[in-house]
Amino acid sequence: MGGEKVKQMKCKKYPKRDAIKNYFPMPNEIFHLGLNAGEIALYAFLLKCEDRKTFKCYPSYRTIGRALNISKNTVKKYVDNLCAKRLIDIAYTDIYTKDGKKLNGNLMYTIRPIQEAIDYELEKLYEKKELERRKAEIEKKFNKYMRSENEDAR
């Protein structure tokens, strides 16, 4: 009889969850874009908050900071980095008080398609390789010129 009770408790150890309500999709490509752990955490938090139809959300720096246990300055730094890497866009919003005063609202975050960030990263990589190739070509010409100058000086 005691064994049955233990068996029942084991079955109830993990509550059943609704996958649609309690989870959100995270693109695998996010781990190949050179983000640090804080940037990935912020991106994941924005995905959790976003409206799945509009791809927008409005959490404040304070809300994000509390959720991720980081300062508002660090939140701003990570937001700027995600914008620069073309993962998100931000827009400023306004709110109006009952007496008609206009105040700054929270930022509106728009999650961009992951493919745009991948394409941007590949474009940067290509530009870097192209610069390295040009630099090597110039160095080769310079070395050739210096050899000919040295031979002429003899």
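**Entry 1: second largest pocket.** I began with the second largest pocket and noted a volume of about 160 Å³. I recorded that the model is a predicted one. I then looked up the lining of this pocket and found 13 residues. Nearest the centre of the second largest pocket I noted Tyr43, Leu47, Glu50, Phe55 and Ile111. By class, I entered ten nonpolar and three charged residues for this lining, with no polar ones.

**Entry 2: largest pocket.** I turned next to the largest pocket, which holds about 200 Å³ of space. I listed 14 lining residues for the largest pocket. Those that lie nearest its centre are Tyr61, Tyr92, Gly105, Asn106 and Leu107. I sorted the lining of the largest pocket into six nonpolar, five polar and three charged residues.

**Entry 3: secondary structure.** I looked up the elements of the chain and recorded six helices and five strands. Reading from the N terminus, I wrote down the order α-α-α-β-α-α-β-β-β-β-α. In that order I see three helices ahead of the opening strand, and a helix at the end.

**Entry 4: burial, surface and contacts.** I noted a chain of 154 residues, of which 23% count as buried. For the accessible surface of the chain I entered about 12500 Å². Carbon and sulfur atoms hold 54% of that surface. Finally, I considered the contacts in the chain with a separation of 6 or more, and found that residues 24 or more positions apart account for 52% of them.

How values were computed:
Residues are numbered from 1 along each chain as its sequence is written. This is a predicted model: local features need pLDDT of at least 70, side-chain atom pairs count only at pLDDT 80 or more; totals for chains, interfaces and linings use all residues. Side-chain values use heavy atoms; hydrogens and water are left out. On a 1 Å grid over the protein atoms alone, a cavity is a set of points where a 1.4 Å probe fits but cannot get out, and a pocket is an open set with protein on both sides within 12 Å along at least five of seven lines; lining residues have an atom within 4 Å of a point. Grid points are joined across faces, edges and corners, and a volume is the space filled by probe spheres set on the points. Ala, Val, Leu, Ile, Met, Phe, Trp, Tyr, Cys and Pro count as nonpolar, Asp, Glu, Lys and Arg as charged, and the others, Gly among them, as polar. Helices (H or I, at least four residues) and strands (E, at least two) are DSSP runs, numbered from the N terminus. Buried means under 20% relative accessible area, exposed over 50%, partly exposed in between (1.4 Å probe, protein chains only). Contact means heavy atoms within 4.5 Å. Accessible areas come from the Shrake-Rupley method with a 1.4 Å probe; for residues, only the protein chains shown count as cover.
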